[in-house]
Amino acid sequence: MPSFSKVLQPQYYSRFQCIAARCAETCCSGWGNIVIEESTYNFYKKCPDLDLQKKCQYYVVKNSEIDESEQYKPYAFIRLQEGQCPFLTEEKLCHIQKQLGEAALSISCDTYPRNFNKVNNILQRSLDISCLEAAKLILLNEKGIEFEEIQAAIKVRNHLLPEIAEGKPNGSKVYKNFTSIQNIVIQILQNRRYSVDERLMILSIFCEKLEASADGAVDDKEFADFLQDYKAEPENEASEPYMKESRSDIKMQFEAMNILLEYSLKGTCTDNFRRCMDKFKMFLKEGGAPYIENYKRAYDDYYHPKIENYMYILENYLVNNVYKDLFPAGPQINAFFAEHSIRRIHMVLIIKYVLLRTILIGIAGYYKREFHIGHIIKTMQAFEKTIGHNLNYLTQAVNFMDEAKIQKQQGCLLLLKL
């Protein structure tokens, strides 16, 4: 069990408290699967409660694709019933925890919605927006997400934490300078001199330069100087001509995102996400006008005037995501998922944001003048639970963008500019 003496966390973290059965949406449904580690799997199969043991024998299944030589594959899963955990009681409580106590929960169930990463032997922890109570804490801070470093003796059950070690031999320039890069990314996203869309454009330009510098014939000193220049002036004046010159193609954005959203409905979705999509599609059909005309009207008349007052919500969504996901490098050591390039990790963030923005524009059109902050928070939470956790879907979405040649810096600017 890994232990830490130093923790970096958003200030909201300590205020989180699960409200269990009182929650408007249970965390025990709406997932593709629930991962179970080997020790918990073995315990469930020999469960001291005989009735529960029979249930575990049927619903807890070993991963048939596991290779004993690969220690980072999910060992087992709980077989869900119509997207819901079979151990969820009518009172919206966990049958396993009720009978055997909290210690009997799997690591996934015990820690959610908390996220843990290990960076230079410091525990970086945060919360996940897919939990409604966590989403309120994360998103509703008008001043933005602030971080704190605390000294505390903390133990974490998961011994396979995503990890970055800047001093690791033969590590890339990005990993060796990860802390500086993480700070620059957050600084860019919290720079309120620009709209959120513009901040993402600046981030896109930074990520392309970062990847080129990391992969090119640049020595460590030159790379450090490059980062220092961005740290001093993260918006970088050289970015502004790209933003001004990039063209807007709202029709292309809408059509590409609509294809991806339709595809998302073929997989596992929460009821709340399906309801959001029903409203989105209902508005697009309104009055028999072409979808794109209704979409433009929703943006101009309802979304843009309202979101101007709530830019901090979009900012907090992005900052939480990049911190949680160790953006833009991803972990050096990761429990379940393959390494990806900076470009690919960055593209996932852009796709998620533009998909979310597309849905919010449709929701704004559906509610019109009644569109309010509650609709924004619930839509974000439903989106993150259905799409934010679906790595297969996000991989396919990036592949779709690659095939459509919507990629690299210009492709990202084209997606972002309205």
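Is Glu198 buried, partly exposed or exposed? It's partly exposed, because its relative accessible area is 31%, and that sits between the cut-offs of 20% for buried and 50% for exposed. Keep in mind that you're looking at a predicted model. Here's a quick tour, from the whole chain down to single residues.

**The whole chain**

- The protein chain has 18 helices and 8 strands in its secondary structure.
- Along its principal axes, the C-alpha trace spans about 70 × 60 × 40 Å.
- What radius of gyration does the protein chain have? The value is 22 Å, which agrees with the figure near 22 Å for a compact globule of 418 residues.
- Buried residues account for 52% of the 418 residues in the protein chain.
- The protein chain exposes about 19900 Å², and carbon and sulfur atoms supply 48% of that area.
- Take the contacts between residues at least 6 apart in sequence: 77% of them join residues at least 24 apart.

**Where two helices cross**

- Helix α13 covers residues 291-307 and helix α15 covers residues 342-367; their axes come within 8 Å and cross at roughly 75 degrees.
- So α13 counts as roughly perpendicular to α15, because the crossing angle falls in the range from 65 to 115 degrees.
- On the α13 side, the contact is made by Tyr295, Ala298, Tyr299, Tyr302 and Tyr303.
- On the α15 side, Arg357, Thr358, Leu360, Ile361, Ala364 and Gly365 make the contact.
- Sorted by type, the residues of this α13 and α15 contact are 8 nonpolar, 2 polar and 1 charged.

**Glu286 and Lys368**

- Find Glu286 in the loop between α12 (271-284) and α13.
- Glu286 counts as partly exposed because its relative accessibility is 30%.
- Which residues does Glu286 touch, leaving out those up to four places away in sequence? They are Asn294, Arg297 and Lys368.
- Lys368 sits in a loop too, the one between α15 and α16 (373-388).
- With 24% relative accessibility, Lys368 counts as partly exposed.
- Check the backbone of Lys368 as well: phi is positive, about 55 degrees, although Lys368 is not a glycine.
- For a long jump across the model, try Glu286 to Glu146: they're 140 residues apart in sequence and 42 Å apart in space, C-alpha to C-alpha.

**Other backbone details**

- Tyr112 and Pro113 are joined by a cis peptide bond, with omega about 10 degrees.
- Pro113 belongs to the loop between α4 (107-111) and β5 (114-119).
- Phe327 and Pro328 are also joined by a cis peptide bond, and here omega is about 5 degrees.
- Pro328 belongs to the loop between α14 (311-324) and α15.
- Asn121 has a positive phi, near 65 degrees, and it isn't a glycine.
- You'll find Asn121 in the loop between β5 and β6 (122-127).
- Why does Asn121 count as exposed? Its relative accessibility is 56%, and the cut-off for exposed is over 50%.

**Asn316, a buried residue**

- Asn316 lies in helix α14.
- Asn316 counts as buried because its relative accessibility is 0%.
- Not counting residues up to four places away in sequence, Asn316 touches Ile138, Leu139, Leu140, Asn141, Gly144 and Ile145.
- Asn316 and Tyr175 are 141 residues apart in sequence, and their C-alpha atoms are 24 Å apart.

**Two more places to look**

- Back to Glu198: this residue is in helix α8 (residues 196-215).
- Glu198 and Val156 are 42 residues apart along the chain, and 38 Å separates their C-alpha atoms.
- Ala404 is in the loop between α17 (391-403) and α18 (408-416).
- Ala404 is partly exposed, with a relative accessible area of 40%.
- From Ala404 to Leu414 you go 10 residues in sequence and 12 Å in space, C-alpha to C-alpha.

Definitions and conventions. Residues numbered from 1 in each chain as written. Predicted model: local features only at pLDDT ≥ 70, side-chain atom pairs only at ≥ 80, totals over all residues. Heavy atoms only, no water. Axes fitted to C-alpha atoms, helices over the stretch in contact; angles between N-to-C directions. Helix = DSSP H or I, 4+ residues; strand = E, 2+ residues; numbered from the N terminus. Parallel < 35°, antiparallel > 145°, perpendicular 65-115°, else oblique. Contact = heavy atoms within 4.5 Å. Nonpolar A, V, L, I, M, F, W, Y, C, P; charged D, E, K, R; others polar. Rg over C-alpha atoms; globule rule 2.2 N^0.38 Å. Buried < 20%, exposed > 50% of the residue type's maximum accessible area, 1.4 Å probe, protein only. Areas by Shrake-Rupley, 256 points an atom, 1.4 Å probe, with all protein chains shown as cover.
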